[in-house]
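Work through the exercises below with the model open. Try each task before reading its solution.

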Amino acid sequence: MTKQLADWSTTAVNLPEHASNAIHTDDGARAAGFEAALVAGVTTYAYLTHAPAAAWGLDWLTRGGATVRFRQPVIDGDRVDCVVGNNSSVEARVEARVGGTTRAEASFVEVAQPLVVREGPMLEPQSFVLDPSWSDYGMRGGDSISTYVDEGIAHPTSWPRIANEFFHTQVVRGPWIHVRSVIQHLGAARVGAAITATAAVVDRFDSRAGKRAVLDVRISADGEPVAALEHEAI
């Protein structure tokens, strides 16, 4: 580890671009038994990334990685405390806590191991041009780091956001929840880059909480790989 990670706190913000999933609206969340809109998992992930981004800088964005799991929802307006646990020479662990209860946790590495390609039915690919909303996503959600905006590059939440779009448009109907991702960073993507993303459905199974699916997602910017993910939702 080149630098130790530090604790950090913020107030959770439910960003309007997630309203297409009803669970991220007050009405949809209340219908599902929650008190108010659930903050998107990728926004909670943005809070978790604050510590490695602050400690390791752009090196982590271009060659590092993360494994993130979402245990319980974060509600719009919650105070989120990102608490650093294990901080060894192998990995750093960060928990997102609300009122002392762990809502999400992530393991971060400065240099990620390659994600093995897994095969399955392919979904329709995504292609779009990276606009500034992919750079300032974290700041709009409550992450105080300005590096991504200053450098004109995509926030690391961009990759699970893209993976979520596969679920939203091609895999599920109705409300769903992002529960886990393994993310390998392969490079930085600049605002204005042409993004291409492919995904394969590599697993489907039932759990006590409901039906789940796992995707293998590969993302490139201007033809160069920038991220690979194993992405799971319920």
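**Exercise 1. How much space lies in the largest pocket?**

Ground rules: this is a predicted model, where local features need pLDDT of at least 70, side-chain atom pairs count only at pLDDT 80 or more, and totals for chains, interfaces and linings use all residues. Residues are numbered from 1 along each chain as its sequence is written, and side-chain values use heavy atoms, with hydrogens and water left out.

Step 1. Define the object. On a 1 Å grid over the protein atoms alone, a pocket is an open set of points with protein on both sides within 12 Å along at least five of seven lines; lining residues have an atom within 4 Å of a point.

Step 2. Read the volume, the space filled by probe spheres set on the points. The largest pocket holds about 700 Å³.

Step 3. List the lining. It comprises 36 residues, and H24, G41, N164, W176 and H178 are the closest to the pocket centre.

Step 4. Sort by class. The lining has 16 nonpolar, eleven polar and nine charged residues. Here Ala, Val, Leu, Ile, Met, Phe, Trp, Tyr, Cys and Pro are nonpolar, Asp, Glu, Lys and Arg are charged, and the others, Gly among them, are polar.

**Exercise 2. Which helix gives the most to this lining, and is it largely enclosed or not? Use the lining and burial counts.**

Step 1. Helix 6 gives the most, with five residues. Helices are DSSP runs (H or I, at least four residues), and strands are runs of E, at least two.

Step 2. Check its span. Helix 6 has 14 residues and reaches 19 Å from first C-alpha to last, close to the 20 Å expected at 1.5 Å a residue. The expected span is 1.5 Å times one less than the number of residues.

Step 3. Check burial (under 20% relative accessible area, 1.4 Å probe, protein chains only). Ten of the 14 residues are buried, so helix 6 is largely enclosed by the rest of the structure. Among them are W159, N164 and F167.

**Exercise 3. Which residues touch the most other members of the largest nonpolar core?**

Step 1. A nonpolar core joins buried Ala, Val, Leu, Ile, Met, Phe, Trp, Tyr and Cys residues through side-chain atoms within 4.5 Å.

Step 2. Of 57 residues, the answer is F108, W159, L215 and I219. Helix 2 gives the most to this core, with seven residues.

Step 3. Follow W159. Its contacts (heavy atoms within 4.5 Å) include I183, I219 and L229, not counting residues up to four places away in sequence.

Technical notes: On a 1 Å grid over the protein atoms alone, a cavity is a set of points where a 1.4 Å probe fits but cannot get out, and a pocket is an open set with protein on both sides within 12 Å along at least five of seven lines; lining residues have an atom within 4 Å of a point. Buried means under 20% relative accessible area, exposed over 50%, partly exposed in between (1.4 Å probe, protein chains only).
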